[in-house]
Amino acid sequence: MKIKHTFFSYTAVILLTLSVVTGCTLQEGESGASQVSNVSIEEQSEKTQNIQFPNIADTVESVRSSVVSIVSDTVSRDRFGLRQGEGSGSGVIFDSSGLILTNNHVIKDSTKITVTLDDGTQKEASIIGYDILSDLAVIQIPGENYPYIPLENESNLRVGDWVIAIGNALALPGGPTVTVGVVSALGRNIDISRDSTLTDLIQTDTVINPGNSGGPLLNLNGNIVGINTVVVRGNANDGTSIEGIGFAVNIDTAALVAKQLIETGKVKWAWMGAYLSDLDPEKAAAYQLSVREGVVIQAIVDDAPSALSDLIPGDIIMAINGNKTSSTMELTKMLRHDYAPEDTIELQIFRINPDETTEILTVPLQLGERP
């Protein structure tokens with residue numbers, strides 16, 4: 001696949017930064033000293049006793065019958081021929097007809113999918129559809145009137161909110177594993193392969209282990225806020241150990257994907273056909289640009305929608321149909337949730353001409369379907 005390259009050169013680097021908090025000694029007469037001395041040990045103890053922790057047990061009891069264990073028999077091909085294997089994961093029933101949402105990587109290359117319900121009953125599932133770009137899949141077990149959790153976003157999730165992960169961690173016998181934590185961040189992007197990036201993820205410090213994949217991330221009301229998908233382990237570049245970093249596909253994406261998989265068996269993502277990067281404010285200042293936020297078109301794929309438009313490498317996208325796009329994450333989220341293939345959008349473009357003059361243009365673009 002040929003691409004046109006731009007003079008802008010950006011390197012995307014994921015930095016895992018560890019912050020060290022140091023203590024400070026207040027000098028006599030500074031404002032904080034009297035405040036510290038006036039807080040008695042008894043007052044601190046009373047405040048600690050008044051902290052109300054959430055009742056996790058009631059929430060778990062109300063939803064665990066909708067969480068299932070998934071074991072898939074797989075066949076894959078390598079240079080030595082066909083290789084048989086077995087994978088395990090989790091899923092959540094989201095409709096009384098036995099529809100189950102899980103991760104695509106849990107059922108990938110499967111020849112047989114066995115679902116174990118909370119009461120120990122086992123059923124063989126069929127694949128309704130899967131989507132590689134979101135790493136989600138919908139499968140179904142025979143029967144009806146299953147307990148389920150609907151895919152509805154009623155959470156208004158915030159950083160710091162308590163969340164609960166339920167899943168088939170390590171395929172341990174005796175039922176699902178429950179872990180508790182908080183939402184560490186929202187809107188994260190993670191590269192899962194050279195050509196695939198999961199976008200707009202929930203980051204959580206809730207412990208997620210192999211086998212949790214595909215299980216629900218829930219709020220304290222028992223509503224699904226995400227589907228547990230990725231956990232980061234190992235060491236950073238400086239050798240520092242990485243802990244407590246898990247990621248879940250958010251419920252907005254999960255509900256959108258599940259709906260399309262049920263209706264058509266696949267997901268059609270709107271596609272521009274361009275390689276994009278965030279505009280670096282420092283580099284923009286160095287170039288004395290009048291814009292500090294936007295999405296830079298680094299390269300354009302031949303015969304893609306962008307190649308058939310008036311866009312050129314180096315253009316900076318500032319808005320879609322009047323809605324500001326300050327980052328690639330915002331732009332990607334708009335394309336996935338607000339537009340479909342064949343839709344025509346208007347891009348507000350900041351362009352640097354060969355003579356170093358600049359101009360703001362409106363460029364129409366008919367979106368295609370991402371291959």
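**Exercise 1. The K333–D200 pair**

Find which residue K333 forms a salt bridge with, and describe both ends.

Solution.
Step 1. K333 forms a salt bridge with D200. The closest N and O atoms are 3.3 Å apart. A salt bridge here is a side-chain nitrogen of Lys or Arg within 4 Å of a carboxyl oxygen of Asp or Glu.
Step 2. Place the partners. The pair links distant parts of the chain: K333 sits in helix α7 (residues 328-338), D200 in strand β10, and 133 residues separate them. Helices (H or I, at least four residues) and strands (E, at least two) are DSSP runs, numbered from the N terminus.
Step 3. Compare exposure. K333 counts as partly exposed because its relative accessibility is 38%. D200 has a relative accessible area of 12%, so D200 is buried. The cut-offs are under 20% relative accessible area for buried, over 50% for exposed, and in between for partly exposed (1.4 Å probe, protein chains only).

The model is predicted: local features need pLDDT of at least 70, side-chain atom pairs count only at pLDDT 80 or more, and totals for chains, interfaces and linings use all residues. Residues are numbered from 1 along each chain as its sequence is written, and side-chain values use heavy atoms, with hydrogens and water left out.

**Exercise 2. Strand β10 and its neighbour**

Work out how β9 and β10 pair, and how many residues of β10 are buried.

Solution.
Step 1. Strand β9 covers residues 177-193. β9 and β10 pair in the antiparallel sense, over seven bridges. Two strands pair if DSSP finds at least two bridges between them.
Step 2. Pick one bridge. L198 in β10 is the bridge partner of I190.
Step 3. Check the cover. β10 spans residues 196-204, and eight of its nine residues are buried.
Step 4. Turn to V180, which is found in β9. V180 counts as partly exposed because its relative accessibility is 35%.
Step 5. Place V180 on the surface. W162, V178, V180 and L220 make a nonpolar surface patch of about 280 Å².

**Exercise 3. Helix α5**

Describe the length, start, buried residues and end of α5.

Solution.
Step 1. α5 runs over residues 251-264 and has 14 residues. From first C-alpha to last, α5 reaches 20 Å, close to the 20 Å expected at 1.5 Å a residue. The expected span is 1.5 Å times one less than the number of residues.
Step 2. Look at the start. A side-chain oxygen of N250 comes to within 2.9 Å of the backbone nitrogen of D252.
Step 3. List the buried residues: I251, T253, A254, V257, A258, Q260 and L261.
Step 4. Find the salt bridge. E263 and K259 meet through their side chains at 2.8 Å, N to O. The two are four residues apart in α5, so about one helical turn separates them. E263 counts as exposed because its relative accessibility is 53%.
Step 5. Look past the end. G265 follows α5 and has a positive phi, near 80°.

**Exercise 4. A second long-range salt bridge**

How many salt bridges does the structure hold, and where in the chain are E293 and K324?

Solution.
Step 1. The structure holds seven salt bridges.
Step 2. One pair is E293 and K324, whose side chains meet at 2.9 Å, N to O. This pair links distant parts of the chain: E293 lies in the loop between α6 (281-286) and β16, K324 in strand β18 (residues 323-324), 31 residues apart.
Step 3. E293 is partly exposed because its relative accessible area is 42%. K324 counts as exposed because its relative accessibility is 53%.

**Exercise 5. The β5–β6 hairpin**

Which residue stands opposite V115, and which turn residue has a positive phi?

Solution.
Step 1. Strand β5 (residues 110-116) and strand β6 (residues 122-131) pair in the antiparallel sense over four bridges.
Step 2. K123 in β6 stands opposite V115.
Step 3. β5 and β6 form a hairpin with five residues between them. In the turn, G120 has a positive phi of about 95°.

**Exercise 6. Q298 in β16**

Is Q298 buried or exposed, and which side chain does Q298 contact?

Solution.
Step 1. Q298 lies in strand β16 (residues 295-301).
Step 2. Q298 counts as buried because its relative accessibility is 19%.
Step 3. The side chains of Q298 and S277 share a polar contact of 3.4 Å. A polar contact is a pair of N or O atoms within 3.5 Å; within protein, one must be able to donate a hydrogen and the other to accept it, and residues adjacent in sequence count only if both atoms are side-chain atoms.

Conventions:
Patch = residues over 30% accessible without salt bridge, like charges linked within 9 Å, V, L, I, M, F, W, Y side chains within 5 Å. Areas by Shrake-Rupley, 256 points an atom, 1.4 Å probe, with all protein chains shown as cover.
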